[in-house]
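Visitor: Please take a close look at a single part of this model. I would like to know what lines it, and what lies around it.

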Amino acid sequence: MKNITFIKAKNADDLAVLSADFFLNTLKSSNSPPTIILPTGFTPLGFYKEVTTRYKNGDKNYGNFKYLALDEYLGLPEGDRRSFASWLSREILDPLEIPKEFRLTFASSTKNIPEECARMEKTITDIGSIDLAIIGLGGNGHVGFNEPGSPLDSVTRKIELTPETRQANAEYWGSIDQVPESAVTLGIGTLKKAKQTLLIVLGKSKAEILKKTFFSPISSDIPSTYLQKQENVTVIADAEALLEIESLIDINQCKLKRA
Ligand code: GLP
């Protein structure tokens with residue numbers, strides 16, 4: 001087990017502030033615009049609001065990065081409001097005025113999925129590094145759309161979404177029928193290339209999977225367990241999400257007790 005830094009947020013608002021501070025550190029420590037993966041979901045919403053407000057109030061550091069897509073639904077026309085590219089544009093990229101050429105996204109309408117996945121892998125190789133991967137945690141341990149069963153050395157590829165994940169995502173769109181059945185995602189092997197990883201977790205419903213992420217055997221059954229061996233992992237989680245794990249970690253030292 002690598003040393004994992006845990007930062008406890010008092011609540012969702014505090015998580016937003018702490019995550020925005022962490023993000024700023026990465027931006028300030030890079031000479032050229034760093035490449036950063038950003039997640040979708042409910043968890044990052046407050047963080048995106050905090051970052052876009054700081055930018056609007058004059059901190060232009062926040063606009064200086066390249067966005068690398070983590071995942072995307074398949075079969076949606078370009079610009080469909082349900083696509084993750086559109087979602088992230090609305091929530092963070094447009095408010096931060098990230099130039100189009102700094103948005104490394106998937107084409108959700110692609111007819112040639114293997115070619116699109118290979119293009120994304122090549123894009124990452126050409127850039128040379130993923131400076132920071134900010135990720136959320138699915139209720140079943142999925143990361144991006146790496147569902148349980150995803151090999152821990154997997155690359156970018158097509159995924160059939162589980163009913164559980166489609167249901168969780170249906171909340172955005174009103175009904176499960178609105179949620180596409182398949183998606184593309186960066187692989188776990190791809191995510192391992194990140195120099196730094198920030199996992200953000202909110203709420204009681206994630207407490208058990210957060211514990212399993214760090215205390216279950218590393219296995220493709222719970223893709224998020226790859227984080228146990230990853231270098232430079234920071235977890236920012238609220239008190240409710242930390243409920244199951246708090247007795248196992250040294251929150252003062254912000255490190256896992258178990259080595
Ligand atoms: C989706 C996304 C993931 C995200 C997860 C958790 O499935 N593909 O990247 O981490 O949802 O979302 P939430 O923050 O809403 O719990």
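Guide: Take the largest cavity: strand 3 (66-69), strand 4 (71-73) and helix 3 (84-93) each give at least two residues to its lining. Helices (H or I, at least four residues) and strands (E, at least two) are DSSP runs numbered from the N terminus. This is a predicted model, in which local features need pLDDT of at least 70 and side-chain atom pairs pLDDT 80 or more, while totals for chains, interfaces and linings use all residues. Numbering starts from 1 along each chain as its sequence is written, and side-chain values use heavy atoms, without hydrogens or water.

A cavity is a set of points on a 1 Å grid over the protein atoms alone where a 1.4 Å probe fits but cannot get out; lining residues have an atom within 4 Å of a point. The structure holds one cavity of 30 Å³ or more, and the largest encloses about 30 Å³, the space filled by probe spheres set on the points. Its lining consists of Tyr 67, Ala 69, Asp 71, Glu 72, Phe 84, Ala 85, Thr 105 and Phe 106. By class, five of these are nonpolar, one is polar and two are charged.

Asp 71, part of that lining, is also among the residues that come nearest to the ligand, with Phe 42, Thr 43, His 142 and Lys 206. An N or O atom in the Asp 71 side chain is 2.8 Å from a ligand nitrogen. A polar side-chain atom of His 142 lies 2.8 Å from a ligand oxygen, and for the side chain of Asn 169 an N or O atom is 3.4 Å from an oxygen of the ligand.

How values were computed
Near = heavy atom within 4 Å. Polar contact = N/O pair within 3.5 Å; in protein donor to acceptor, adjacent residues only side chain to side chain. 1 Å grid on protein atoms, 1.4 Å probe; cavity = no way out; pocket = protein on both sides within 12 Å on 5 of 7 lines; lining within 4 Å. Nonpolar A, V, L, I, M, F, W, Y, C, P; charged D, E, K, R; others polar.
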